[in-house]
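Me: I have a structure open and want to know what stands behind the labels. Take me through the reasoning, label by label.

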Amino acid sequence: MRNTSIGTLIVVILLVGFYLEFVIINQSQATITLNLPLSRIKYTNSSILTDNKTQSFHVAYETLINDSHSLTESYQKEIGKWQSKQYDNKTMVLITDKYLPEFQKLVSRAQALQPTTTKYLQAKDLYIKSLQSEIESYMHFRSFLVTGDRTEDNTSTQLLSNALKYEIKSFAAFNNKTVTDTDSNYESRSFVPI
């Protein structure tokens, strides 16, 4: 996720057992710190783990998320260099052009996942939406770099926020939980079983 020069958005996500905890401070800057030890996801039904297809989905989903977070972190480091004036806009456009196809590969991988339950299908679909929103965000960020149009930057930030929301909902679906989103910015942290 990226960090713009206006405002402050700090989102911290912690995966503790089956619960996500996060805080949104301000929408206008998209600095996101992820702490998602997905290897700590615990499965409550041990008989599910004996099913190879389910195990396969779990491993593929976790690997996809880890790869996605690594790619996002790498891109964010590049944005940090742009923010610290190590890169000019033209260089950042070229870097963005290099990263966009890599994010698209993640979408293709997500689309190839084979969920074994309705909840896993929902988790897959929501994660695809998250990745697509992140890609759209970076495309608008690229436009901002080229044009200097703050509307593009604002749209980019909103799409990045949407990507995070879809990701959180994907995790909740994977863990057979639902996120109560009463105010559309996830300040309510209620999780209720479906």
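Me: Why is Arg-109 called partly exposed?
Reply: This is a predicted model. Arg-109 has a relative accessible area of 36%. Buried needs under 20% and exposed needs over 50%. The value lies in between, so Arg-109 is partly exposed.

Me: What makes Arg-109 and Asp-67 a salt bridge?
Reply: Their closest N and O atoms are 2.8 Å apart. The cut-off is 4 Å. The pair is within it, so the name applies.

Me: Which parts of the chain does that pair tie together?
Reply: Asp-67 lies in helix α2 and Arg-109 in helix α3. The two are 42 residues apart in sequence. Asp-67, at 31% relative accessibility, is also partly exposed.

Me: How many salt bridges are there by this rule?
Reply: The count is 5. Among them is Glu-102 with Lys-105.

Me: How do you know that Glu-102 and Lys-105 form a salt bridge?
Reply: The closest N and O atoms are 3.2 Å apart. That is within 4 Å, so the pair counts. Both residues lie in helix α3, 3 residues apart, about one turn of the helix. Glu-102 has 34% relative accessibility. Lys-105 has 49%. The upper limit for partly exposed is 50%, so Lys-105 still counts as partly exposed.

Me: Is Asp-153 buried or exposed?
Reply: Asp-153 is at 1% relative accessibility. Buried means under 20%, so Asp-153 is buried. Its side chain meets that of Arg-150 in a salt bridge, at 3.2 Å from N to O. Arg-150 is partly exposed, at 39%. Both residues lie in helix α5, 3 residues apart.

Me: Why is the aromatic pair of Tyr-75 and Tyr-138 called tilted?
Reply: The ring centres are 4.5 Å apart, and the planes make an angle of 55°. Centres within 6.5 Å make a pair. Stacked needs under 30 degrees and edge-to-face over 60. The angle of 55° fits neither, so the pair is tilted.

Me: Where in the chain do these two tyrosines lie?
Reply: Tyr-75 is in helix α2 and Tyr-138 in helix α4, 63 residues apart. The pair links distant parts of the chain. Tyr-75 is buried, with a relative accessible area of 1%. Tyr-138 is buried too, at 1%.

Me: How many aromatic pairs does the rule give?
Reply: It gives 13. One aromatic cluster is formed by Phe-57, Tyr-61, Tyr-120, Tyr-127, Phe-171 and Phe-174.

Me: Which residues touch the most other members of the largest nonpolar core?
Reply: They are Tyr-61, Tyr-75, Trp-82, Met-92, Phe-103 and Phe-141. This core has 33 residues. Helices α2, α3, α4 and α5 each supply at least two of them. The largest share, 11 residues, comes from α4.

Me: What does Met-92 touch, leaving out residues up to four places away in sequence?
Reply: Met-92 touches Tyr-75, Glu-78, Ile-79, Trp-82, Tyr-87, Phe-141 and Leu-145.

Me: What pattern does the whole chain follow?
Reply: Read along the sequence, the pattern is β-β-β-α-α-α-α-α-β-β. That covers 5 helices and 5 strands. The chain has 194 residues, and 44% of them count as buried.

How values were computed. Residues are numbered from 1 along each chain as its sequence is written. This is a predicted model: local features need pLDDT of at least 70, side-chain atom pairs count only at pLDDT 80 or more; totals for chains, interfaces and linings use all residues. Side-chain values use heavy atoms; hydrogens and water are left out. A nonpolar core is a set of buried Ala, Val, Leu, Ile, Met, Phe, Trp, Tyr and Cys residues joined through side-chain atoms within 4.5 Å. Buried means under 20% relative accessible area, exposed over 50%, partly exposed in between (1.4 Å probe, protein chains only). Helices (H or I, at least four residues) and strands (E, at least two) are DSSP runs, numbered from the N terminus. Contact means heavy atoms within 4.5 Å. Rings of Phe, Tyr and Trp (its six-membered ring) pair if their centres lie within 6.5 Å; planes under 30 degrees apart count as stacked, over 60 as edge-to-face and the rest as tilted.
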